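Reader: I'd like to learn how to read a structure like this one. Could you walk me through it, feature by feature?

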Amino acid sequence: MVDRLFSDFFTFGGSRKDCYCAFCRSPRKVYTKKGVNLWNLIAAGFGSLVLMYVFWQEFDPRVLFVFVVLLAAAEIFIHFRWRLNIVCKHCGFDPVLYLKNPQLASEKVKAQLDIRKNNPASLLSPPLQLPKVTREKVEMAQKAEHAMAIRKKQSSLLSKQV
Ligand SMILES: [Zn+2]
């Protein structure tokens, strides 16, 4: 427990969790932390006090500004680290983008797979276990797309009426 707290303190809580890519099933390690925690708050407070004494050699109210800047920098760093790390390096699948815009996510995966196909170094890496596309899956996807299109049409007609 104490070890965990210490490692969290020095690595911005950068403990990584083992998991598998939802698309290509490659083993991966992802950061679970998305924002600042209590340790980062304490570290930012301590850091701003140190900086205050370095700059002004006495208590200065500008320390609050330094504290906020340090905390914002930590939040931005931790969030970007999580966001960049969540994208699969092997197939380019981005689960966050997939939830917002599945079409764009699939285009990015296609682009990444094209890059991988044309890169001779990928011949030496283990092959990806990509999902197999069966006729049933294609039919189901077409039905879902058709239902979505109808729903979109209905909602646009409804909004015109209102
Ligand atoms: Zn992947």
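Author: Let's start with aromatic rings. Rings of Phe, Tyr and Trp count as a pair if their centres lie within 6.5 Å, and planes under 30 degrees apart make the pair stacked. Keep in mind that this is a predicted model.

Reader: How many aromatic pairs does that rule give here?

Author: It gives three aromatic pairs. One of them is Phe 23 with Phe 93, stacked with 6.0 Å centre to centre and 25° between the planes. Phe 23 sits in the loop between S1 and S2 and Phe 93 in the loop between H3 and H4, so the pair ties together parts that are 70 residues apart in sequence. Tyr 98 joins Phe 23 and Phe 93 in one aromatic cluster.

Reader: Are Phe 23 and Phe 93 buried or partly exposed?

Author: For that you need a cut-off: under 20% relative accessible area is buried, over 50% is exposed, and in between is partly exposed. Phe 23 has 26%, so it is partly exposed. Phe 93 has 11%, so it counts as buried.

Reader: On to the metal. Which residues coordinate the zinc ion?

Author: To read a metal site, look for the donor atoms, then their angles, then their places in the chain. Here the donors are the SG atoms of Cys 21, Cys 24, Cys 88 and Cys 91, at 2.3 Å from the zinc ion. The angles among the four donor atoms are 108 to 112°, and the site is tetrahedral. Along the chain, the donors follow the spacing C-x2-C-x63-C-x2-C. Cys 24 and Cys 91 link distant parts of the chain, 67 residues apart: Cys 24 is in the loop between strand S1 (16–20) and strand S2 (27–31), and Cys 91 is in the loop between helix H3 (63–85) and helix H4 (95–100).

Reader: What are the accessibilities of Cys 24 and Cys 91?

Author: Cys 24 comes out at 1% relative accessibility, so it counts as buried. Cys 91 has a relative accessible area of 0% and is buried too.

Reader: Now helices. What should I check in helix H2?

Author: Try the length, then the faces, then the ends. Helix H2 covers residues 38–56, and at 1.5 Å a residue its 19 residues should span 27 Å; the end C-alpha atoms are 27 Å apart, so the two agree.

As for faces, an α-helix has 3.6 residues a turn, so residues three or four places apart point the same way. The buried residues of H2 are Asn 40, Ala 44, Gly 45, Gly 47, Ser 48 and Met 52, and they pack against H3.

At the N-terminal end, Asn 37 caps H2, with a side-chain oxygen 3.1 Å from the backbone nitrogen of Trp 39. Just after H2, Gln 57 takes a positive phi of about 55°.

Reader: Where is Lys 33, and is it buried or exposed?

Author: Lys 33 is in the loop between S2 and H2. Its relative accessible area is 12%, so Lys 33 is buried. The Lys 33 side chain makes a polar contact with the side chain of Asn 40 (2.5 Å), and Asn 40 is one of the buried residues of H2.

Reader: And what does Glu 75 touch?

Author: Here it helps to look past sequence neighbours. Glu 75 is in helix H3 and, at 31% relative accessibility, counts as partly exposed. Not counting residues up to four places away in sequence, Glu 75 touches Lys 34, Gly 35 and Val 36. Glu 75 and Val 36 are 39 residues apart along the chain, yet their C-alpha atoms are separated by 5.4 Å. The side chain of Glu 75 reaches the backbone nitrogen of Val 36 at 3.0 Å.

Conventions. Residues are numbered from 1 along each chain as its sequence is written. This is a predicted model: local features need pLDDT of at least 70, side-chain atom pairs count only at pLDDT 80 or more; totals for chains, interfaces and linings use all residues. Side-chain values use heavy atoms; hydrogens and water are left out. Donors are N, O and S atoms within 2.8 Å of the metal (3.2 Å for Na, K and Ca); water is not among the atoms, so sites may look incomplete. Four donors count as tetrahedral if all angles lie between 85 and 135 degrees; four count as square planar and six as octahedral if opposite donors are over 155 degrees apart and all others between 65 and 115; anything else is irregular. Helices (H or I, at least four residues) and strands (E, at least two) are DSSP runs, numbered from the N terminus. Buried means under 20% relative accessible area, exposed over 50%, partly exposed in between (1.4 Å probe, protein chains only). The expected span of a helix is 1.5 Å times one less than its number of residues. Contact means heavy atoms within 4.5 Å. A polar contact is a pair of N or O atoms within 3.5 Å; within protein, one must be able to donate a hydrogen and the other to accept it, and residues adjacent in sequence count only if both atoms are side-chain atoms. Rings of Phe, Tyr and Trp (its six-membered ring) pair if their centres lie within 6.5 Å; planes under 30 degrees apart count as stacked, over 60 as edge-to-face and the rest as tilted.
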